[in-house]
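Biologist: I am new to this structure and would like a guided look at it. Could we begin with the charged side chains and then move inwards?

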Amino acid sequence: KSVCVSRHPVMSTETVDILVIGAGPTGLGAAARLHQHGHKNWKLIDAFEEAGGLACTDVTPEGFLFDMGGHVIFSHFAFFDQLIDTAVGTGPENWNTLERVSYVWIRDRWVPYPFQNNLYNLDLEDQIACINGVIEATKESARARPEDKPKNFDEWIMRVMGKGIADLFMRPYNFKVWAIPTTLMQCDWLGERVATVDAKTVVENVLRQRPAVG
């Protein structure tokens with residue numbers, strides 16, 4: 001189907017068979033695929049002069065770099081990995097490998113990330129609430145049937161981490177990140193993105209006052 005494209009400011013009208021709106025990673029991927037398949041009559045448009053979308057980095061006149069969004073890629077898809085390598089290049093001259101060091105500011109203290117595995121840095125009452133929640137979640141998961149999968153992100157949090165961690169961190173943090181309650185988010189996207197909790201490790205780290213990283 002033909003689509004009319006009006007440029008801004010309106011100076012001309014162009015007709016194309018395929019219109020890709022947005023030059024972020026998804027739009028760029030669609031454009032690359034169209035090119036690979038030999039499509040000729042298509043166009044990629046964006047509101048900004050440069051491509052990148054929320055994955056772009058803005059450079060101020062002083063030379064400071066500001067990422068528009070989180071530059072994190074999780075992929076086990078060979079075609080996508082090859083596309084990124086084609087666009088960026090391979091090897092240390094094109095990629096920086098850094099060790100992540102992240103902290104959460106909560107309850108007037110810094111807690112290493114991932115929060116759910118570093119409860120040792122909380123005060124005693126919060127530790128008790130979170131550990132009790134982890135234990136209850138572990139028991140609930142053991143009782144659950146394979147077909148009783150969590151229906152949304154909130155149920156996944158409760159099943160994996162328990163009420164203490166959910167109320168103190170996971171629910172408010174994810175609402176701040178996504179601007180939508182965890183009860184309205186599905187959980188198929190999680191994969192490796194959210195660290196799970198091992199009850200034994202959590203308790204041992206609290207007793208030993210030892211951080212967990214990763």
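Modeller: A salt bridge here is a side-chain nitrogen of Lys or Arg within 4 Å of a carboxyl oxygen of Asp or Glu. One such pair is Arg145 and Glu147, with 3.6 Å from N to O. This is a predicted model, in which local features need pLDDT of at least 70 and side-chain atom pairs count only at pLDDT 80 or more, while totals for chains, interfaces and linings use all residues. Residues are numbered from 1 along each chain as its sequence is written, and side-chain values use heavy atoms, with hydrogens and water left out.

Biologist: How many salt bridges does the count come to by this rule?

Modeller: The count comes to 11. Another of them links Glu136 to Lys139, whose closest N and O atoms are 3.2 Å apart. Both residues belong to helix α3 and are three residues apart, about one turn of the helix. Helices (H or I, at least four residues) and strands (E, at least two) are DSSP runs, numbered from the N terminus.

Biologist: Is Glu136 buried or exposed, or in between?

Modeller: Glu136 is partly exposed, at a relative accessible area of 43%. Buried means under 20%, exposed over 50%, and partly exposed in between, with a 1.4 Å probe and protein chains only. Its partner Lys139 is also partly exposed, at 39%.

Biologist: And what about helix α6, with Arg208 and Glu204?

Modeller: Arg208 and Glu204 are four residues apart in α6, about one turn of the helix. Their salt bridge has its closest N and O atoms 2.9 Å apart. Arg208 counts as exposed at 55% relative accessibility, whereas Glu204 is partly exposed at 32%. Elsewhere, shared partners join Asp154, Lys163, Asp167 and Arg171 into one salt-bridge network.

Biologist: Let us go inside. Which residues have the most contacts in the largest nonpolar core?

Modeller: They are Phe115, Leu119, Trp156 and Ile165, in a core of 28 residues. A nonpolar core is a set of buried Ala, Val, Leu, Ile, Met, Phe, Trp, Tyr and Cys residues joined through side-chain atoms within 4.5 Å. Two or more residues come from each of β7 (103-106), α3 (124-143), α4 (153-160), α5 (163-178) and α6 (199-208). Helix α5 supplies the largest share, five residues.

Biologist: What is Ile165 in contact with, beyond its neighbours in sequence?

Modeller: Setting aside residues within four places in sequence, Ile165 meets Phe115, Gln116, Leu119, Cys130, Val134, Met170 and Val197. Contact means heavy atoms within 4.5 Å. Cys130, one of these partners, sits in helix α3 and is buried, with a relative accessible area of 1%. With residues up to four places away left out, Cys130 touches Leu119, Leu122, Met161, Gly164, Ile165 and Leu168.

Biologist: Back to α5: where does that helix bend?

Modeller: It bends by about 35° at Met170, and a proline, Pro172, follows within four residues. The bend at a residue is the angle between axes fitted to the seven residues ending there and the seven starting there. Buried residues of α5 include Gly164, Ile165, Ala166, Leu168, Phe169, Met170 and Asn174. Among the elements covering the buried residues of α5 are β7, α3 and α4.

Biologist: Asn174 catches my eye there. What does Asn174 touch?

Modeller: Asn174 touches Phe153, Phe169, Ala179, Ile180 and Thr182, not counting residues up to four places away in sequence. Its relative accessible area is 5%, so Asn174 is buried. Ala179 is in the loop between α5 and α6 and is exposed, at 60% relative accessibility. Although it is not a glycine, Ala179 has a positive phi of about 60°.

Biologist: Which other residue has a positive phi although it is not a glycine?

Modeller: Asp108 has one, also about 60°. Asp108 lies in the loop between β7 and β8 and is exposed, with a relative accessible area of 70%. As for unusual backbone, a cis peptide bond joins Tyr113 and Pro114, with omega about 5°. Pro114 is placed in the loop between β8 (109-112) and α3.
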